[in-house]
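Here is a walk through one protein chain for someone meeting it for the first time. Have a look at the model, then read on.

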Amino acid sequence: MAAGTAAALAFLNQESRARAGAVGGPRVPAPVTMDSFFFGCELSGHTRSFTFKVEEEDDTEHVLALNMLCLTEGAKDECNVVEVVARDHDNQEIAVPVANLRLSCQPMLSLDDFQLQPPVTFRLKSGSGPVRITGRHRIVCMNNDLSEEESEDEDSEEEEVKLCGVLPAKKHGGRP
């Protein structure tokens, strides 16, 4: 399991524990499902920017984890600067250069699961590319809707598990 996935699951586990201690008694943590899809786009002289957007959903968290930026066939030996435009912690738009690729010295760059929250725009700030950006789109879904049947099944399972009392050992008379 990737480190980023493990961190997301650890965070969700902490969130579930925090919710379990909420007012109204202990709650069963919400089931978590996680999907991961391949992501890729290409920036060039014809397509200088690409925006990755998702639909807002209440119970879903989206993360774009970038793996690699590389020059592809037809690239010239020039500086190709790629910048990412996203939102910071104050929800202000911020543009940050993440790569400066050149065919003769650095044709590719590994970003090692560089994680971003959508919406994210990639721009080819200088150069003509083509630059390929690859990564994974991770979707973490917290299913808060437990059907009544599932809740009843969990209650019956808890009732079936009963601890037996500890009985004292029987004494055997007449040891040799």
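Helices and strands here are DSSP runs, at least four residues long for a helix and at least two for a strand, and they are numbered from the N terminus. With that in hand, Pro130 is easy to place: it sits in the loop between β7 and β8.

What you're looking at is a predicted model. The protein chain has 2 helices and 8 strands, and along the sequence they run in the pattern α-β-β-β-β-β-β-β-β-α. Of its 176 residues, 28% count as buried. Among contacts with a separation of 6 or more, 78% are between residues 24 or more positions apart.

**How confident is the prediction?**

The mean pLDDT of the protein chain is 77, with 65% of the residues reaching 70 or more. Among the elements, the lowest mean pLDDT, 47, belongs to helix α1 (residues 3-20), while strand β7 (residues 120-126) has the highest, 95. Over residues 5-25 the pLDDT stays under 50, and the model has 19 contacts beyond four places in sequence for that stretch.

**Two arginines in β8**

Let's turn to strand β8, which covers residues 131-142 and holds Arg136. Arg132 is found in β8 as well. Arg132 counts as partly exposed because its relative accessible area is 32%, which falls between the 20% and 50% cut-offs. Arg136 is also partly exposed, at 22%.

Which residues does Arg132 touch, leaving aside neighbours within four places in sequence? The list is Gly40, Cys41, Glu42, Met68, Leu69, Cys70 and Thr72. Arg136, for its part, has a polar contact of 3.2 Å between its side chain and that of Asp113.

Both arginines also turn up in pairs that are far apart along the chain, as does Gly45, a residue in the loop between β1 (32-43) and β2 (49-52). Gly45 is partly exposed, with a relative accessible area of 42%. Here are the three pairs, with their C-alpha distances.

| Pair | Separation in sequence | C-alpha distance |
|---|---|---|
| Arg136 and Gly40 | 96 residues | 8.2 Å |
| Arg132 and Cys41 | 91 residues | 5.9 Å |
| Gly45 and Gly129 | 84 residues | 6.5 Å |

**Unusual backbone spots**

Gly129, from the last row of the table, is part of another feature: the peptide bond from Gly129 to Pro130 is cis, with omega near -5°. A cis peptide bond also joins Pro118 and Pro119, where omega is about 5°. Pro119 is placed in the loop between β6 (108-116) and β7.

Strand β6 has something to show too. Asp112 lies in this strand, and its phi is near 50°, a positive value in a residue other than glycine. Asp113 is found in β6 as well, and its phi is near 60°, again positive in a residue other than glycine.

Is each of these aspartates buried or exposed? Asp112 is exposed, since its relative accessible area is 67% and the cut-off for exposed is over 50%. Asp113 has 19% relative accessibility, so it counts as buried, the limit for that being under 20%. Asp113 is the residue whose side chain makes the polar contact with Arg136.

**A pocket lined in part by the prolines**

Pro118 and Pro119, the two residues joined by that cis bond, come back in the lining of the second largest pocket. This pocket has a volume of about 160 Å³. Alongside the two prolines, the lining is made up of Val54, Glu55, Glu56, Glu57, Thr60, Glu61, His62 and Gln117. What does that lining look like by class? There are 3 nonpolar, 3 polar and 4 charged residues.

One of the lining residues, Thr60, is found in strand β3 (residues 60-71). Thr60 is buried, because its relative accessible area is 13%. Not counting residues up to four places away in sequence, Thr60 touches Ile139, Val140 and Cys141. Those partners fall within residues 131-142, the range of strand β8, where Arg132 and Arg136 are also found.

Note on methods: Residues numbered from 1 in each chain as written. Predicted model: local features only at pLDDT ≥ 70, side-chain atom pairs only at ≥ 80, totals over all residues. Heavy atoms only, no water. pLDDT = per-residue confidence, 0-100. Contact = heavy atoms within 4.5 Å. Buried < 20%, exposed > 50% of the residue type's maximum accessible area, 1.4 Å probe, protein only. Polar contact = N/O pair within 3.5 Å; in protein donor to acceptor, adjacent residues only side chain to side chain. 1 Å grid on protein atoms, 1.4 Å probe; cavity = no way out; pocket = protein on both sides within 12 Å on 5 of 7 lines; lining within 4 Å. Points joined across faces, edges and corners; volume = space filled by probe spheres on them. Nonpolar A, V, L, I, M, F, W, Y, C, P; charged D, E, K, R; others polar.
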